[in-house]
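I open a new page here and write down, one entry at a time, what I look up in this structure. I try to keep each entry to what can be read off directly.

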Amino acid sequence: MIKKFKLYIILIAMAVSSASCLDKMPEDGIPFDKSLQTVSDINLAVIGIYDAFRSNYLYSGNLTLLPDIQTDLVYGVNGNTNIYGDIWRWKEIKPTNTDIEAVYGALYEVINRCNFMLDRADAVRKKTTDDKDLDKLDQCCGEAYFARALAYSELVKLFCKAYESDEDAAGQLGVILSQHYLGDETMRRASLKDSYQFILDDLDRAAELLELEEDFNTDTQGTLYDSIYFNEYTVHALRARVLLYMKRWEEAIKYAISHGEVGDVIVLAGKGHEDYQEIKGVKYDMDERVLIAEVLEELKEEKQEKDQNK
C-alpha cells in the first residue's frame with residue numbers, strides 16, 4: 001500500500017511539473033496578433049515609446065548624470081556619501097554596477113517597444129483605407145524608427161569602442177541588434193560597423209516617413225525646431241551626429257549643409273583656425289574652410305546635373 005501511495009505522489013508531481021503556471025497566458029493578456037488593431041492603437045504605442053524615454057535611467061537621470069560625474073570639473077569633498085563614487089573614480093566601475101545596467105536595460109526597453117509597434121504596423125496598414133489615417137500611420141512608424149536609432153546610437157556610444165575606420169569597426173564588437181518583437185533572431189553582438197549601419201538605415205526610413213510635404217507652411221502650421229516630438233529635423237540632426245561619431249567629417253558637413261534651408265545657421269565648431277586633424281598623435285591635413293568650399297561646389301554641380309536632366 002505504501003508503495004502505491006509513493007507511486008501516486010510521484011505521478012501527481014510529474015503531472016504538476018509538466019503544466020507550469022508560467023507557461024500559461026495571463027487571463028488579462030492580449031495575444032500579439034490581437035494587439036494594436038487600429039491607427040489609434042498604434043498612436044498610443046508611440047506615446048508609450050516617448051514615455052519610455054522618460055525613464056529615470058535615461059535623459060532625466062543616469063544617462064545624463066553619470067557622464068557628467070566623470071568630467072574633470074567634478075570634485076569629491078571630505079565627508080561625501082560616496083553615492084556614485086565608483087563612477088567618479090573611473091577605475092572602480094564593475095560590470096555588475098546597477099546604475100550602468102539600468103541605462104543599458106532602459107535603452108533596450110525603448111527598442112523593444114519600437115519593435116513591438118513596427119511589427120504590428122503592417123497588419124494595421126492592410127485594414128486602413130482613410131488617407132489621413134495612413135499618413136498618421138507613416139508618421140508613427142517614422143517616429144518609432146527614429147526612436148530606435150536614437151536608442152542604439154546611445155548604446156554604441158556608451159558600450160562600444162570608438163569608431164576609427166570602416167576596416168577597424170568591422171572587427172570590433174558592437175551591440176545586440178534586434179528589429180522584431182517576436183522571432184528567432186540570434187542574440188549576439190554584431191560588429192561595430194554593422195551596428196552603425198543599422199542606425200543609419202533606421203534614420204533613412206525615418207527621414208522618408210517624416211519628410212514634410214512641399215506645401216508645409218511654417219507660418220500657419222508652426223515650426224519644427226521647437227517641437228517636442230521627433231520629426232524630420234531631429235532625423236537630420238542625429239544623422240549628422242552619427243556621421244561625426246564615425247569620423248566621416250566631410251560627409252557630415254555635406255549632409256548638414258544640403259539639408260539646410262533659407263535662414264538656417266550651420267555652425268562648425270570643431271577645428272576653428274586649425275588646418276589639421278590629429279588622430280593618435282598623427283596630424284592629417286584638414287581645413288574646414290576647404291571642406292566647406294568643396295562641399296558647396298559639389299552640391300552646386302549636383303544641382304546643375306539635376307536641372308539638366310529635367
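The entries below go through salt bridges, a charged patch, a buried serine and two loop residues.

**Entry on the model.** Before anything else I note that this is a predicted model, and I keep that in mind for every value that I write down.

**Entry on salt bridges.** I began with charge, since side chains of opposite charge can pair when their charged atoms come close. Looking up the total, I found that the structure holds 11 salt bridges, and I picked some of them to follow up.

The pair I took up to start with was Asp 51 and Arg 54, whose closest N and O atoms are 3.3 Å apart in a salt bridge. I then asked how far each partner is open to the outside: Asp 51 is partly exposed at a relative accessible area of 40%, while Arg 54, at 63%, counts as exposed.

**Entry on a link between distant parts.** Next I looked up Arg 248, whose side chain meets that of Asp 166 in a salt bridge with an N to O distance of 3.4 Å. This pair links distant parts of the chain, for the two residues are 82 apart, with Arg 248 in the loop between helix 10 (232–245) and helix 11 (249–258) and Asp 166 in helix 7 (residues 166–169). As for exposure, Arg 248 has a relative accessible area of 23% and is partly exposed, and Asp 166, at 29%, is also counted as partly exposed.

**Entry on a pair within one helix.** Which residue forms a salt bridge with Arg 205? I found that the partner is Asp 202, and that the closest N and O atoms are 2.7 Å apart. Because the two residues are three apart in helix 8 (residues 192–210), they are separated by about one helical turn. Here I checked the exposure again: Arg 205 is partly exposed at 32% relative accessibility, whereas Asp 202 is buried, with a relative accessible area of 0%. I also noted that Arg 148 belongs with them, since Arg 148, Asp 202 and Arg 205 are linked in a network of salt bridges.

**Entry on helix 6.** I turned to the surface and found a patch of negative charge, in which Asp 130, Asp 131, Asp 133 and Asp 135 gather. One of these, Asp 135, has its place in helix 6 (residues 131–159).

Ser 153 is placed in helix 6 as well, and I asked myself whether Ser 153 is buried or exposed. Its relative accessible area is 4%, so Ser 153 counts as buried, the cut-off being under 20%. I then looked up what lies around this serine: leaving aside neighbours within four places in sequence, Ser 153 is in contact with Ile 199, Leu 238 and Val 242.

**Entry on positive phi angles.** My last look was at the backbone, where Tyr 84 has a phi near 65°, a positive value in a residue other than glycine. Tyr 84 lies in the loop between helix 3 and helix 4 (85–88) and is partly exposed at 25% relative accessibility. I also noted that the C-alpha atom of Tyr 84 is separated by 9.8 Å from that of Leu 65, which is 19 residues away along the chain, and that Leu 65 has its place in helix 3 (residues 62–69).

Lys 247 is not a glycine either, and its phi is positive at about 60°. I found Lys 247 in the loop between helix 10 and helix 11, partly exposed with a relative accessible area of 26%.

Notes: Residues numbered from 1 in each chain as written. Predicted model: local features only at pLDDT ≥ 70, side-chain atom pairs only at ≥ 80, totals over all residues. Heavy atoms only, no water. Helix = DSSP H or I, 4+ residues; strand = E, 2+ residues; numbered from the N terminus. Salt bridge = Lys/Arg side-chain N within 4 Å of Asp/Glu carboxyl O. Buried < 20%, exposed > 50% of the residue type's maximum accessible area, 1.4 Å probe, protein only. Patch = residues over 30% accessible without salt bridge, like charges linked within 9 Å, V, L, I, M, F, W, Y side chains within 5 Å. Areas by Shrake-Rupley, 256 points an atom, 1.4 Å probe, with all protein chains shown as cover. Lys, Arg positive; Asp, Glu negative; His and termini not counted. Charge placed at Lys NZ, Arg CZ, Asp CG, Glu CD. Contact = heavy atoms within 4.5 Å.
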